Amino acid sequence: MPKRPVLPSWLSFSLRRGRPRIPEGLSARLRGALSWRRLRRLMVVGTLGAILAVLVAVGCARWVRSGADGYLYDLAAVPAAPVALVLGAQVNSDGQPSAFLAARLEIARQLLANEKIKAILVSGDHGEWAYDEPGAMQAWLVARGVPADRVVQDHAGFDTYDSCVRANKIFGVRQAIVVTQDFHLPRAVTLCRKQGIDATGVGDDTVRVYERMWIRGEVREYGAAVKAAADVLTARDPIFLGPHETGVEDAVGTN
């Protein structure tokens, strides 16, 4: 007959009592081994997830840059277009545009003065009554000699994608010079071109002196590129659409 296996004394005793009982020291070691195994599995999954996220962000950033390749110019070289689309940015608590926004507006002012454009479409956030990016943008331009009837406000440009879609679908823009900071410009031009606008772009780098904010903007563009790709793939509607508005057409003299 085969010999019965010799069980450890603690297990033999536990079985006689009806169920196995692991000594506290051994139980703690088993729990520790299981915890380490779970932690290692989580670390592997987390590492793979981080690598995938980086690859997606880099891929989307390359897609953005390739979409704008050949359409970015400096102020002197940009081809003329009927309208400049100035994208909104922070307005300070005193109602004045931030340095980043003022730099964009100055480019648009010079484009109009140099007869590169006929009208300026200022698109920004006016989601709250007390916070009005397009209104502040128009006021800044008018205060510096731009005729008020050459500035058209889009009050629902809550992000770059919304501004581009609304420029095309609401304001009838078919050709435009997009104006923003250099790090933002490729994404803005790519998104506008994906919406059927023959878009070129002029970027600002004068506010690079605000080094921390500039670097933060550059880093943020990787995540924003992923959102841009998702917006284009899903073809989502902006937060607000609405009926066609003739402000741009009136400003450039087509009506």
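The following exercises, with worked solutions, concern the fold, the sheet, one buried residue and the largest pocket of a predicted model.

**Exercise 1. Describe the overall make-up of the chain.**

Step 1. Begin with the elements: the chain has eight helices and six strands.

Step 2. Place these elements in sequence order, which gives the pattern α-α-β-β-α-β-α-β-α-β-α-β-α-α.

Step 3. Consider burial and surface. Of the 255 residues in the chain, 38% are buried. The exposed area comes to about 14,800 Å², and carbon and sulfur atoms supply 58% of that area.

Step 4. Consider the contacts with a separation of 6 or more: residues 24 or more positions apart account for 71% of them.

**Exercise 2. Determine the order of the strands in the sheet and identify its edges.**

Step 1. The six strands form an open sheet with parallel pairing, in the order β1-β6-β5-β2-β3-β4.

Step 2. The edge strands are β1 (72–73) and β4 (151–154), since each of them pairs on one side only.

Step 3. Start from the β1 edge. β1 and β6 (residues 198–204) run parallel and are joined by two bridges. Here Tyr73 stands opposite Val202 in β6.

Step 4. Continue to the next pair: β5 and β6 are held in the parallel sense over seven bridges. Thr200 in β6 is the bridge partner of Ile177.

Step 5. On to β2, which pairs with β5 in the parallel sense over four bridges. Ile177 in β5 is the bridge partner of Ala84. Ile177 is therefore a bridge partner in both pairings, of Thr200 and of Ala84, by the strand-pairing found with DSSP.

**Exercise 3. Establish whether helix α4 and strand β5 are enclosed or open to the surroundings.**

Step 1. Apply the cut-off: a residue is buried when its relative accessible area is under 20%.

Step 2. Eight of the eleven residues of α4 meet this condition, so α4 is largely enclosed by the rest of the structure. Among them are Met137, Trp140 and Leu141.

Step 3. Identify the cover: β2, α3, β3 and β4 are included in what covers the buried residues of α4.

Step 4. Add the packing. Helix α4 (residues 133–143) packs on the sheet and touches β2 (83–87), β3 (119–123) and β4, and its direction makes about 165° with that of β4. Helix α5 (residues 160–169) also lies across β2, β3 and β4, running at about 155° to β2.

Step 5. Turn to strand β5 (residues 175–181): six of its seven residues are buried, so β5 is largely enclosed by the rest of the structure.

**Exercise 4. Decide whether Ala103 is buried or exposed, and describe its surroundings.**

Step 1. Ala103 is found in helix α3 (residues 99–113).

Step 2. Its relative accessibility is 11%, and Ala103 therefore counts as buried.

Step 3. Leaving aside residues up to four places away in sequence, Ala103 touches Gln181, Asp204, Thr206 and Val207.

Step 4. Compare sequence and space: Ala103 and Asp205 are 102 residues apart along the chain, while their C-alpha atoms are separated by 8.5 Å.

**Exercise 5. Characterise the largest pocket and state which helix gives the most to its lining.**

Step 1. The largest pocket holds about 770 Å³ of space.

Step 2. It is lined by 33 residues, of which Gly88, Ala89, Gln90, Arg104 and Arg220 are the closest to its centre.

Step 3. At least two lining residues come from each of α3, α5, α6 (185–194) and α7 (211–234).

Step 4. The helix that gives the most is α7, with nine residues.

Conventions: Residues are numbered from 1 along each chain as its sequence is written. This is a predicted model: local features need pLDDT of at least 70, side-chain atom pairs count only at pLDDT 80 or more; totals for chains, interfaces and linings use all residues. Side-chain values use heavy atoms; hydrogens and water are left out. Buried means under 20% relative accessible area, exposed over 50%, partly exposed in between (1.4 Å probe, protein chains only). Contact means heavy atoms within 4.5 Å. Accessible areas come from the Shrake-Rupley method with a 1.4 Å probe; for residues, only the protein chains shown count as cover. Axes are lines fitted to C-alpha atoms, for helices over the stretch in contact, and angles run from 0 to 180 degrees between N-to-C directions. On a 1 Å grid over the protein atoms alone, a cavity is a set of points where a 1.4 Å probe fits but cannot get out, and a pocket is an open set with protein on both sides within 12 Å along at least five of seven lines; lining residues have an atom within 4 Å of a point. Grid points are joined across faces, edges and corners, and a volume is the space filled by probe spheres set on the points.
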